[in-house]
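Please look through the structure shown here with the following explanation at hand, which moves from a surface position to a pocket and then to a helix.

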Amino acid sequence: MRIGVRADSGWTMQNNTSKPTRKHRHLRVPVLPDEEATIKQLAATTGLSVAAYLRNVGMGYPVRSILDHRRVEELVRINGDLGRLGGLLKLWLSNDARAAKFGASTIRALLSKIEDTQARMHEVMRTVVRPRQ
């Protein structure tokens, strides 16, 4: 049983409960095909539906990307890899007995791996800082 409808707020009361339910209104917004694709992609990066994403943006609520969190986790893993590789290099540079078996080719491979890992880290950082490019 409905008690009342307030046209100005869009809320209704149902079944004599004190909890209001939302009366949905739909807005039509014409967009170009490339704008539609961009909006869908941005909504997907936040983990929200297109409607929820547009509602949050339209109401001025902050919209946080889940993609950024994944990229940050990836950066943490890459940083750990760099730390381990740096530790091996330090071991060799300190003339530690455990690194005595490392030859020049092993050290060159290690340095190459460090460069590759740094390049991977820079690429991930670029996608986090400039995700739309």
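In which loop does Val 29 lie? In this predicted model, Val 29 is found in the loop between strand E3 (20-22) and H1. Val 29 counts as exposed because its relative accessibility is 62%, and the cut-off for exposed is over 50%. Together with Leu 27 and Val 31, Val 29 forms a nonpolar patch on the surface, and the accessible area of these residues together is about 330 Å².

Leu 27 leads on from this patch to the largest pocket, since Leu 27 is also one of the residues that lie nearest the centre of that pocket, along with Arg 25, His 26, Ala 51 and Arg 55. The lining of the largest pocket consists of 18 residues, and the space within the pocket comes to about 730 Å³. Helix H1 (33-46) and helix H2 (50-59) are the elements that give two or more residues to this lining, and H2 gives the most, with six residues. By residue class, the lining of the largest pocket divides into eight nonpolar, seven charged and three polar residues.

A further position to consider is Gln 118, which belongs to helix H4 (residues 104-129). How exposed is Gln 118? With a relative accessible area of 36%, Gln 118 is partly exposed, because this value falls between the cut-offs of 20% for buried and 50% for exposed. Although Gln 118 and Ile 78 are 40 residues apart in sequence, their C-alpha atoms are 8.1 Å apart in space.

Terms used:
Residues are numbered from 1 along each chain as its sequence is written. This is a predicted model: local features need pLDDT of at least 70, side-chain atom pairs count only at pLDDT 80 or more; totals for chains, interfaces and linings use all residues. Side-chain values use heavy atoms; hydrogens and water are left out. On a 1 Å grid over the protein atoms alone, a cavity is a set of points where a 1.4 Å probe fits but cannot get out, and a pocket is an open set with protein on both sides within 12 Å along at least five of seven lines; lining residues have an atom within 4 Å of a point. Grid points are joined across faces, edges and corners, and a volume is the space filled by probe spheres set on the points. Helices (H or I, at least four residues) and strands (E, at least two) are DSSP runs, numbered from the N terminus. Ala, Val, Leu, Ile, Met, Phe, Trp, Tyr, Cys and Pro count as nonpolar, Asp, Glu, Lys and Arg as charged, and the others, Gly among them, as polar. Patches are made of residues with over 30% relative accessible area and no salt bridge: like charges are joined within 9 Å, nonpolar side chains (Val, Leu, Ile, Met, Phe, Trp, Tyr) within 5 Å. Accessible areas come from the Shrake-Rupley method with a 1.4 Å probe; for residues, only the protein chains shown count as cover. A salt bridge is a side-chain nitrogen of Lys or Arg within 4 Å of a carboxyl oxygen of Asp or Glu. Buried means under 20% relative accessible area, exposed over 50%, partly exposed in between (1.4 Å probe, protein chains only).
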